[in-house]
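Biologist: Could you take me on a close tour of one part of this model, the open sheet and what packs on it? I would also like to hear about the salt bridges, with the cut-offs spelled out.

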Amino acid sequence: MMGSRPGLPTTTYVGDHRDTSFQSGYAAPRPDQSYSDPYMQQSDPGNGNAGAMTVAAMNQPGGPQQGSVMMVYGMEHTKMNADRLFNLLCLYGNVVRIKFLKSKEGCAMVQMGDPAAVEKCVQSLNNLQFFGKKMQLGYSKQAFLNDVQQPFDLPDGSPSFKDFMGNRNNRFTNPEAAGKNRISPPAKVLHFFNAPFGMTEEDVLTIFREWGAPAPQGVKMFQSKTERSSSGLIQFDAISDAVEALVLCNHVSIPNPQGKFPFVFKLCFSSTGSRF
C-alpha cells in the first residue's frame, strides 16, 4: 500500500484530502537571548552589527522593527535541507524562501510570510535539539531574500536555495486555512492527518521505517467521521525523536488506489499529554 521510497520528501501538493479534526495548544515563553547576525554585516560593513536584531531592541519605543527574515543556526548539515527545514517551520507560518549558507555549515536564512511567523518560530523552536545538534534561531533585519540563480549542492545533493512561494503545503495561505491550525511547541506526540481512509497502525509505522525516522512507540487511530481520510496520534520516547520524524516524514506522498492523486501525509505537534 505504501509504495514510498526513502529520499527527499516532496513538497508539491498534489491532493486535497484534508482532515482538520486535530487539536493542540500553544504555550511558549519569549526568548531572552540576543543574537548576532554576522552574515548580514557583510552587506553593510560600515554599520557594525546593523544586520543583527535583539529582542530587547525590538521592544524599545522607536527601536528597529522585526522583519520577516530570520537566521537558523546549528543544524546537522548532513541531514538537513530546504525541504526538511520547511517541514518544521511551516507549522508556525508560511515559508517563502530558504537559503543555506555556503560559508557556514548548518546555517540558513529563511524568509517567512510575515514578522508574526518569525516570532512564532523563535518562540517555539529556539534551542531545539534534534539530530544531535541544538538549533538556534535569531532575527534578521534583512527585508527579504533574493533568488539564487546558481545554488550550490547540499551534502544530500539537493539545492541550497528553494522558493516556497505558492507552495500548497504552506498552512496559512488564507484566513480560513490559518484558522484550522493550532500552534503548539515541539512535543513527544505528533498528530497526523490527510492519510488514506482505512490506514492501519502498521501502515503508519511503515512510513517512518521507510524514511529512516525514529520508530514511534505507539499509534492511536481516530475514528473517521467520513471515508475521505484517516488521522490519529503518534507517540515517541523523546521530543527529539518526534522532531526528527516530523522533519523526515511530513508531506511524504502516499499512493491512493481509489483516486487520481496521492495523499500528502501531514504532521504537526500535539498538546496531548506525554501518553495517550
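Modeller: Happy to; what follows goes from the sheet to the helices on it, then to a smaller set of strands, and ends with the salt bridges.

First, the ground rules. This is a predicted model, in which local features need pLDDT of at least 70 and side-chain atom pairs count only at pLDDT 80 or more, while totals for chains, interfaces and linings use all residues. Residues are numbered from 1 along each chain as its sequence is written, and side-chain values use heavy atoms, with hydrogens and water left out.

Now the sheet. Four strands form an open sheet in the order β9-β10-β8-β13, paired antiparallel. Strands here are DSSP runs of E with at least two residues, helices are runs of H or I with at least four, and both are numbered from the N terminus. Two strands count as paired if DSSP finds at least two bridges between them. At the edges sit β9 (218-221) and β13 (266-269), each of which pairs on one side only. On average, neighbouring strands of this sheet are turned by 25° against each other, direction ignored. For such angles, axes are lines fitted to C-alpha atoms (for helices, over the stretch in contact), and values run from 0 to 180 degrees between N-to-C directions.

Let us follow β10 (residues 230-235). With β9 it shares four bridges in the antiparallel sense, and L233 in β10 is the bridge partner of K220. β8 and β10 are also antiparallel, with five bridges; here Q235 of β10 is the bridge partner of V189. How many of the six residues of β10 are buried? Six of the six are, so β10 is largely enclosed by the rest of the structure. Buried means under 20% relative accessible area, exposed means over 50%, and partly exposed lies in between, using a 1.4 Å probe and protein chains only. In a regular strand the side chains alternate between the two faces of the sheet. In β10 both faces are covered: S230, G232 and I234 are buried on one side, and S231, L233 and Q235 are buried on the other.

Next come the helices. Helix α6 (residues 201-210) packs on the sheet and touches β8 (189-195), β9, β10 and β13, with its direction at about 130° to that of β9. Contact means heavy atoms within 4.5 Å. The buried residues of α6 are D203, V204, T206, I207 and F208, and what covers them includes β8, β9, β10, α7, β11 (253-254) and β13. After α6 comes G212, which has a positive phi near 70°. Helix α7 (residues 239-249) lies across β8 and β13 and runs at about 155° to β13.

Elsewhere, β6 (residues 133-140) has partners of its own. Strand β2 (residues 69-73) pairs with β6 in the antiparallel sense over four bridges, and Y139 in β6 is the bridge partner of M70. Strand β5 (residues 128-130) runs antiparallel to β6 and is joined to it by three bridges, with K134 in β6 as the bridge partner of Q129. β5 and β6 make a hairpin with two residues between them, and F131 in the turn has a positive phi of about 55°.

Finally, the charged pairs. A search of the whole structure finds four salt bridges, each defined as a side-chain nitrogen of Lys or Arg within 4 Å of a carboxyl oxygen of Asp or Glu. In one of them, the side chains of D83 and K162 meet at 2.8 Å, N to O. D83 lies in helix α3 (residues 82-89) and K162 in strand β7 (residues 161-163), so this pair ties together parts that are 79 residues apart in sequence. D83 is buried at 8% relative accessibility, whereas K162 is partly exposed at 26%.

Another salt bridge links R97 and D147, with the closest N and O atoms 3.2 Å apart. R97 lies in strand β3 (residues 95-100) and D147 in the loop between β6 and β7, so the pair ties together parts that are 50 residues apart in sequence. R97 is buried at 15% relative accessibility, while D147 is partly exposed at 46%.

The side chains of R209 and E202 also meet in a salt bridge, at 2.9 Å, N to O. R209 counts as exposed at 52% relative accessibility, and E202 as partly exposed at 43%. Salt bridges that share partners join R97, D147 and D163 into one network.
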